[in-house]
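Visitor: Hi, I've just opened this one and would like a quick tour. Can you walk me through it?

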Amino acid sequence: MAKDAEEHKKDAAYKQAKREGYRARSAFKLLDIQHRYSIFKRAFYILDLGSAPGSWLQIAKKYAEINLTKYVDKYYHRDHYKIMGVDTKKLSSLEDIKIVKMDFTTPEFLIEVEKFFEGEKLDLILSDASINKSGNKFSDQSRQTKLCFQILKLTKFLKFKGNFVIKIFQGADFDNFYTEMKQNFMVVKSLKPKSSNKKSNEIYLIGLKKK
Ligand SMILES: C[S@@+](CC[C@H](N)C(=O)[O-])C[C@H]1O[C@@H](n2cnc3c(N)ncnc32)[C@H](O)[C@@H]1O
């Protein structure tokens, strides 16, 4: 019965995503995070890690475009945006977004980031990246956390007070990662988005204001 309810929810979210023009239903997870924490406020330089098929990039672009006209004041603003998405899987193009097909844990990726953003710091880094699940909850959790630690290193590209979103699986190593997040961000929040499968141990950590 519970399974049917989850399947129904997934199906409804899938249909809603299609209706609204999003490439995946994970779009609603990011929108949920945005509605609670306004992570896109004044975000012009954005990096999205693990982007395929691209719904988070679609949302990033929407907010970056809004920001161009919304924040024209004496505080931080830009007259253009730069968004980069990366995945090992092929991603179909999105206008005005740089897409790279590579493993973001490689040294070559660091060079790509430096080149594209011309050495400038980023306002926001998003990661919905996940390992290929084996089905073994313990080893999957541990592998995902390992990946998260690698991703956290990429926050060296964030500006002071920049924001960060990352998907992690709850389990044994979770506390270590959470502690590390606290050392890097002034505020750390966790959120299980409404559209996330209740049975899955995935959760998002939101690092607000990089130290
Ligand atoms: C859940 S999907 C992302 C969905 C995306 N946020 C969207 O809205 O369309 C996770 C992605 O992370 C990617 N990924 C995982 N590890 C990666 C790595 N080391 N380098 C590049 N991509 C990676 C996978 O290939 C997969 O496509």
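Visitor: To start, what share of the 211 residues of the protein counts as buried?
Guide: 35% of them count as buried. Keep in mind that this is a predicted model.

Visitor: Okay. How many helices and strands are there?
Guide: The protein has six helices and seven strands. Reading from the N terminus, the order is α-α-β-α-β-β-α-β-α-β-α-β-β. The radius of gyration is 17 Å, close to the 17 Å from the globule rule for 211 residues, so the protein is as compact as a globular protein of that length.

Visitor: And what does the C-alpha trace span along its principal axes?
Guide: About 55 × 40 × 30 Å. As for contacts, take those between residues at least 6 apart in sequence: 68% of them join residues at least 24 apart.

Visitor: Now the ligand. Which residues are closest to it?
Guide: Gly50, Ala52, Ser55, Asp128 and Ala129 are the closest, out of 21 residues that surround the ligand. The elements giving two or more residues to that shell are α3 (55–70) and β2 (82–87).

Visitor: How does the shell divide into nonpolar, polar and charged?
Guide: Eight nonpolar, eight polar and five charged.

Visitor: Ala52 caught my eye. What is the peptide bond from Ala52 to Pro53, cis or trans?
Guide: That bond is cis, with omega near 0°. Pro53 sits in the loop between β1 (45–49) and α3.

Visitor: Let's move to Asp87. Where is its place, and is Asp87 buried or exposed?
Guide: Asp87 belongs to strand β2. It is buried, since 21 other C-beta atoms lie within 10 Å, and the cut-off for buried is 20 or more.

Visitor: What does Asp87 touch, leaving out residues up to four places away in sequence?
Guide: Gly50, Ser51, Ala52 and Lys101. Two of those names, Gly50 and Ala52, are also among the residues closest to the ligand. There's a C-alpha distance to note too: Asp87 and Phe104 are 17 residues apart along the chain, with 7.4 Å between their C-alpha atoms.

Visitor: Switching to helix packing. How do the axes of α5 and α6 cross?
Guide: Helix α5 (residues 137–153) and helix α6 (residues 174–184) have axes that come within 10 Å and cross at roughly 10°. That angle makes α5 roughly parallel to α6, because angles under 35 degrees count that way.

Visitor: Which residues meet there?
Guide: From α5 you have Thr145, Cys148, Phe149 and Leu152, and from α6 Phe174, Phe177, Glu180 and Asn184. By type, the residues of this contact are five nonpolar, two polar and one charged.

Visitor: Why does the numbering go up in steps of three or four so often?
Guide: An α-helix has 3.6 residues a turn, so residues three or four places apart point the same way.

Visitor: What about α4, how many of its ten residues are buried?
Guide: Zero. Helix α4 (residues 107–116) therefore lies largely in the open. Glu118 follows α4, in the loop between α4 and β4 (122–127). Glu118 has a positive phi, near 50°, despite being a residue other than glycine. With 8 C-beta neighbours inside 10 Å, Glu118 counts as exposed.

Visitor: Which other residue that is not a glycine has a positive phi, of about 45°?
Guide: Ser38. You'll find Ser38 in the loop between α2 (27–37) and β1, and it is partly exposed, with 13 other C-beta atoms within 10 Å.

Visitor: Back to the loop after α4. How does Glu120 count, with its 14 C-beta neighbours inside 10 Å?
Guide: Glu120 counts as partly exposed. It lies in that loop between α4 and β4. Its C-alpha is 8.4 Å from that of Lys159, 39 residues away along the chain.

Visitor: One more: where is Gly162 found?
Guide: In strand β5 (residues 158–169). Gly162 has 22 C-beta neighbours inside 10 Å and counts as buried. Leaving out residues up to four places away in sequence, Gly162 touches Lys121, Leu122, Asp123, Leu124 and Lys210. And from Gly162 to Arg42 the C-alpha distance is 9.8 Å, with their positions 120 residues apart in sequence.

Definitions and conventions. Residues are numbered from 1 along each chain as its sequence is written. This is a predicted model: local features need pLDDT of at least 70, side-chain atom pairs count only at pLDDT 80 or more; totals for chains, interfaces and linings use all residues. A residue is near a molecule or strand if its C-beta atom, placed from the backbone, lies within 6 Å of it. Helices (H or I, at least four residues) and strands (E, at least two) are DSSP runs, numbered from the N terminus. Ala, Val, Leu, Ile, Met, Phe, Trp, Tyr, Cys and Pro count as nonpolar, Asp, Glu, Lys and Arg as charged, and the others, Gly among them, as polar. The radius of gyration is taken over C-alpha atoms; the globule rule is 2.2 Å times the number of residues to the power 0.38. A residue is buried if 20 or more other C-beta atoms lie within 10 Å of its own, exposed if 12 or fewer, and partly exposed in between; C-beta atoms are placed from the backbone. Two residues are in contact if their C-beta atoms, placed from the backbone, lie within 7 Å. Axes are lines fitted to C-alpha atoms, for helices over the stretch in contact, and angles run from 0 to 180 degrees between N-to-C directions. Angles under 35 degrees count as roughly parallel, over 145 as roughly antiparallel, 65 to 115 as roughly perpendicular and the rest as oblique.
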